[in-house]
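Reader: Please show me the model and walk me through it. I have a few short questions.

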Amino acid sequence: MNSVIITIDGKKIKTTKGETLVDVANKNGIYIPTLCYMKDKPCLGTCRVCSVKVNDYLISSCTVPVADGMVVEVENDKEGADMRKALIELLFVEGNHNCPSCEKSGRCELQAVGYETNMMVSRFPYRFPVNERDYASDNIWLERDRCIFCQRCVEFIKDKETNQKIFSISNRGSKSRIEIDIDLADKMSLEQVAEAADMCPVGCIINKNQGFNKAIGKRKFEIETVRERALNTQKNSKTT
Amino acid sequence: MEKETDKNTFYSHDLPSTKMDTKVMAKRDEKIQVAMIGLCGCWGCTLSFLDIDERIIGLLEKVAITRSSLTDIKRIPKRCKIAFVEGGVANEENIETLEHFRENCDIMISVGACAVWGGVPAMRNDVSLKDCLTEAYVCNVGAVTGDKPVIPYHKDLPRITNKVYPCHEVVKMDYFIPGCPPDGDAIFKVLDDLANGREVNLPTSLTRYD
């Protein structure tokens, strides 16, 4: 009853009803780029980078539970692939993403997904917005130039005692700004700070005491690309 | 822009130079003409071009480098097929040069982060030009005590643009090689594809943004 058959890029796939589409695709060797999505965490659906065609409608695959007879197009749909690329390009012009000066380079998911979507340049005009940095907290440097508003830190990093949010987003639209509660941030353990810095898909939340702590060539996505990681992790979880 | 025409003004490319061997010149003329330029950048991409090492010998069978910092030819002598453009646009001279390249070259390649999106020089886009020049020349920590601070200004100095622009926001660019600088392998792949009449296919395994 729970077993369903869906079609991705013409390939029939047997899976379990209700599983997330992006996971099913990855498990079957079809890579869908993601930025805000984290496996085993509630879906955020903020970045839309994983948008694919489901029954002829473009929809973010991290928010779709699979259902019987679903027809999905990922790599076969060239227009959709170009749209995913355009979304990445938009993120690159919206902030100031200067990879040569960023310590997250090589372990940045935005950069890694840029490589996967074959982005060489953005088709949109570069905005060069002016953003204030926030370095008031003891252990966190908030580099607002690089925030892509994925809201991972907002939803998943909370004060251990009160469960209050530490990060939040103020204003709306092009005036949106990532904020940090300094008092709560200073109560964070070093492990939690490291978790937040690691969770940030870009170099916005930076651990003040770490800096450039991994040599070039030895960084996460230099050892294994984001595509390989997505496909391997999923494969491993299938076997276990 | 009006050019100075008084007899005291002359350009380096008008100076007398040793004529090259006619046979060598005739052979060069048959090849694919390439022009190179560094705008607002650090010439790192041109150095990276030299990282193609001995592959340059094979490449030079097919192409002839005309204007470039390597040949010391300062004007584009004739229509070129390929232009290798490094650096972004940060002053009036950059705009003029880039337009001159666009008029005289068929295929323009943006090489490196500065040409592609502005790169390190574009970090000044955060502040106003006034603040930028004040920081560089007036409030500079290296300023000599007691000296009157001067922001350089002269008719012979190109005026600086308010912001730094990627090349493709000034003229149409045809191909892009990101990287600061791009690897020699990436530069070679694009030049080799063009020199052999293949469609340019630069895989992301050869490129990077940093």
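Some notes on numbering come next, then questions and answers.

Author: This is a predicted model, where local features need pLDDT of at least 70, side-chain atom pairs count only at pLDDT 80 or more, and totals for chains, interfaces and linings use all residues. Residues are numbered from 1 along each chain as its sequence is written, and chains are lettered from A and ligands numbered from 1 in the order in which they are written.

Reader: Which residues of H4(B) are buried?
Author: Helix H4 of chain B (helices are DSSP runs of H or I, at least four residues, and strands runs of E, at least two, numbered from the N terminus) covers residues 92-104. Buried means 20 or more other C-beta atoms within 10 Å of a residue's own, exposed 12 or fewer, with C-beta atoms placed from the backbone. The buried ones are B:Asn94, B:Thr97, B:Leu98 and B:Phe101.

Reader: Why do they lie on the same side of H4(B)?
Author: An α-helix has 3.6 residues a turn, so residues three or four places apart point the same way. The arc is taken from the directions from the helix axis to the C-beta atoms. The buried residues share one side of H4(B) because they cover an arc of only 100°.

Reader: Which residues are exposed on the other side of H4(B)?
Author: The buried residues pack against strands S1, S3, S4 and S5 of chain B. On the other side, the exposed residues are B:Glu96, B:Glu99 and B:Glu103.

Reader: How far apart are the centres of domain 1 and domain 2 of chain A?
Author: An automatic or database assignment sets domain bounds. In chain A, domain 1 is 3-87 + 228-239 and domain 2 is 99-222. Over C-alpha atoms, their centres are separated by 25 Å.

Conventions. The expected span of a helix is 1.5 Å times one less than its number of residues. Two residues are in contact if their C-beta atoms, placed from the backbone, lie within 7 Å.
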